[in-house]
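Please open the model in your viewer, and keep the selection tool at hand as you read. The tour goes from the whole chain to a few chosen side chains and then to a pocket.

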Amino acid sequence: MRNLLDRPGGVPLAPYQKIVKAAAARAERVRALDELTAPDMTDLAEFCAVAREAADRTLGLRPYDVQLLGTLALLDGKVAEMATGEGKTLSGAMAAAGYALQGKRVHVISVNDYLARRDAEWMAPFYEALGVSVGWVDQNSTPEERRAAYAGDVTYGPVSEIGFDVLRDRLHTDAQQIVVPAPEVALVDEADSVLVDEARVPLVMAGSTDPGNAVPEMAALVRQLVRGYHYEIDEQSRNVYLTTKGADSVENLLGVQLYDENEPGTLIELNLALHAHALLARDVDYIVRDGKVQLINASRGRVALLQRWPDGLQAAVEAKEALPPSEKGEILDSITIQGLIRRYPQICGMTGTAVAVSEQLGEFYGLKVAVIPPNRPCVRVDEPDRIYPTVPDKDAALVEEIQEVHETGRPILIGTLDVAESENLARLLQRRGLEPVVLNAKNDAEEASIIARAGERGAITVSTQMAGRGTDIRLGEGVAELGGLYVIGSGRHASSRLDDQLRGRAGRQGDPGGSVFFVSMQDDLIIQFVPDERPPAADADGVVRHRRGAYLVGHAQRVAEGVNLEIHRNTWRYTRLLEQQRELILEWRDKVLHGDAASRALATAAPERWASMPEDTRDETARQIVLHAIDNCWTAHLAFLTDLREGIHLRALGRMSPVDEFQREAVAEYKSLQAEVERRSVESFEAAEPDLRRPTATWTYLVQDNPFGTEWDRILKRVSAATRRG
């Protein structure tokens, strides 16, 4: 019933509109003031009037009424859906200032370094006019710069860097080294991307300097294997496995028994190499740049800085590309992006596409969506998909369409699905004498200038994924008369939100514009998610016009979205308990770091040793000993849970719930962790020279979930599939 009543995007705007109307009535009085002063936040109409005037005076931007609506929705703890080009950056800044004036510390969380720094510097004069201090952090910020940025009322930062700072603080043994203050308000830009698409991504703090350990010979071996003979790939391209003939061939080549329970290492190395070879494609899933494998973030179309797969798979890809293995180490701590955001007592956000994920936002964060109308009606013309039987048919029609439209002078923005496709399309266009500008993960540093020119007359811009690019496309002279920017999608994404974000690049602020998607019945989306469906035939001109074609495209997209939602839910079922245990361990650690909990515990457990120690050093000694024990035991606990998670799916074969079994064992292990911390602390305290060594080096990175699941996930799926066939 609640789901029926709380329809997506159903937050009423009437209360906000009343406040905006009251603010407009005060505009003349506020405009006449020589100097603006911070308003009383109990009067939101006065705040809106003053904030509007401050933005006008300092930035030359006078917020529209709809921008004030967005600001009020954010201040009310909602996710504001505002179309591309409607001024989310300024709405977010006004809301952040409002929270700051309420005495709350605000973190404006963005998707990348560029946007965090740009928005903080751009909005700084506005904040200053209201007496609000602002700073920003990125991956190049020093500890001193980070501390200064977080000391401000408003701090801008990419979600990964804020998370890494939280993890670094978790390892400090001196309270003065803490950088990130207690969380209060998270204002999330591109909220659907951060809160949904990347929610399950773990941020990791690792220590030690062990090299990776992939076997180059295994990479060479799998190159000799033939798909369909030696190995098969499942319908969704998430699993690859050896055939009987393939297993025999590998055993003969290696001279080993692959399925020997006493020697599982060879099978693991082979599976990792085969996954890297068959399921991960260069210039699609990753690029090689500066001698390193760099992952591509599928939802952003850009290099995922500091991101990597789990150690074994990462090393296997490096071996595949004949690169030296990157270092790996013991995980000292980790936190998912969802766990990071949920630390904040107050969460709000803004994006152009929130309604489509309103269910997830409500389920995982308790957030509701307020749909903010555009300042001017959208007049963009969105054409039906043009559907073709094969990829070559689609590509030929796509190039023909681009050439015809380009001859009129109308600017064109083509959104592709990956780097390889963008470069292939650019080559096809160049053969026609056209000169497209390509924006993809290989040159994303130039994105702002490339996007800014995309609306000029005669421009052809090819881009992989436009979400979160953060730069408006303004129309050049005479372009409006040509119909405005023409957006073409070279295929449907796995999420309809990404399609909508691409469309939204045209038709900003009432500009004319148009969009269309070119799709083939051989696109990965169709093959992976509706593999058993028979596509309709094309008409005489090669275009699929039968309504079943459009149905299959939409159905495949809905299936893909359902799969991703279920993966999100399943991941959260496992990580939710870990996040709760992490909070408990942090509370314990904070009591030790900031108080006398360690002294009281050790004075009680080892009174004779306590009495024999010098009074001026024993409190600090006790603190360092207990912190060391907590950190080491937590690291061991994480390793235990990782191993448990890897094999827990076998419990399903015994008709037990893997999640319930995981939680039962995790709770029991955590209880033993507390006793182990106490035991180690007393043992170290009573030792003549306690061993308090810590890793000589630490580093941070993001782990992209293994796209193929755990080994036991794959085994279980194969067993289940075989049972169904039987």
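What follows is a walk through a predicted model, one selection at a time.

**The whole chain**

Begin with the chain shown as a cartoon, where you will find 27 helices and 23 strands. If you colour the 726 residues by accessibility, 51% of them count as buried. Among the contacts with a separation of 6 or more, 75% are made by residues 24 or more positions apart.

**An aromatic pair between two helices**

Next, show the aromatic side chains, among which the structure holds 5 aromatic pairs. For one of these, select Tyr574 and Phe662, whose ring centres are 5.1 Å apart and whose planes meet at 75°, so that the pair is edge-to-face; planes over 60 degrees apart count in this way. Now add the helices around them: Tyr574 belongs to helix α22 (residues 547–594) and Phe662 to helix α26 (residues 658–686), so the pair ties together parts that are 88 residues apart in sequence. Are these two rings buried or exposed? Tyr574 is buried, with a relative accessible area of 4%, and Phe662 is buried as well, at 5%.

**Charges over rings**

Keep Tyr574 on screen and select Arg645, whose charged end sits over the ring of Tyr574, 3.9 Å from its centre. Then move to Arg492 and Phe517, where the charged end of the arginine sits over the phenylalanine ring, 4.7 Å from the ring centre.

**An aromatic cluster**

Select Phe126, Tyr127 and Tyr156 together, and you will have one aromatic cluster in view.

**The second largest pocket**

For the last stop, select Ala83, Thr84, Gly85, Glu86 and Gly87, which of the 50 residues lining the second largest pocket lie nearest its centre. The volume of this pocket is about 1100 Å³. Which elements should you show around it, if you want those that give two or more residues to the lining? They are α6 (88–101), α7 (113–129), β14 (346–351) and α20 (496–503), and the largest share, 4 residues, comes from α7. If you then colour the lining of the second largest pocket by residue class, you will see that it divides into 18 nonpolar, 17 polar and 15 charged residues.

Key: Residues are numbered from 1 along each chain as its sequence is written. This is a predicted model: local features need pLDDT of at least 70, side-chain atom pairs count only at pLDDT 80 or more; totals for chains, interfaces and linings use all residues. Side-chain values use heavy atoms; hydrogens and water are left out. Rings of Phe, Tyr and Trp (its six-membered ring) pair if their centres lie within 6.5 Å; planes under 30 degrees apart count as stacked, over 60 as edge-to-face and the rest as tilted. Buried means under 20% relative accessible area, exposed over 50%, partly exposed in between (1.4 Å probe, protein chains only). A charge sits over a ring if NZ of Lys or CZ of Arg is within 6 Å of the ring centre and within 35 degrees of the ring normal. On a 1 Å grid over the protein atoms alone, a cavity is a set of points where a 1.4 Å probe fits but cannot get out, and a pocket is an open set with protein on both sides within 12 Å along at least five of seven lines; lining residues have an atom within 4 Å of a point. Grid points are joined across faces, edges and corners, and a volume is the space filled by probe spheres set on the points. Ala, Val, Leu, Ile, Met, Phe, Trp, Tyr, Cys and Pro count as nonpolar, Asp, Glu, Lys and Arg as charged, and the others, Gly among them, as polar. Contact means heavy atoms within 4.5 Å.
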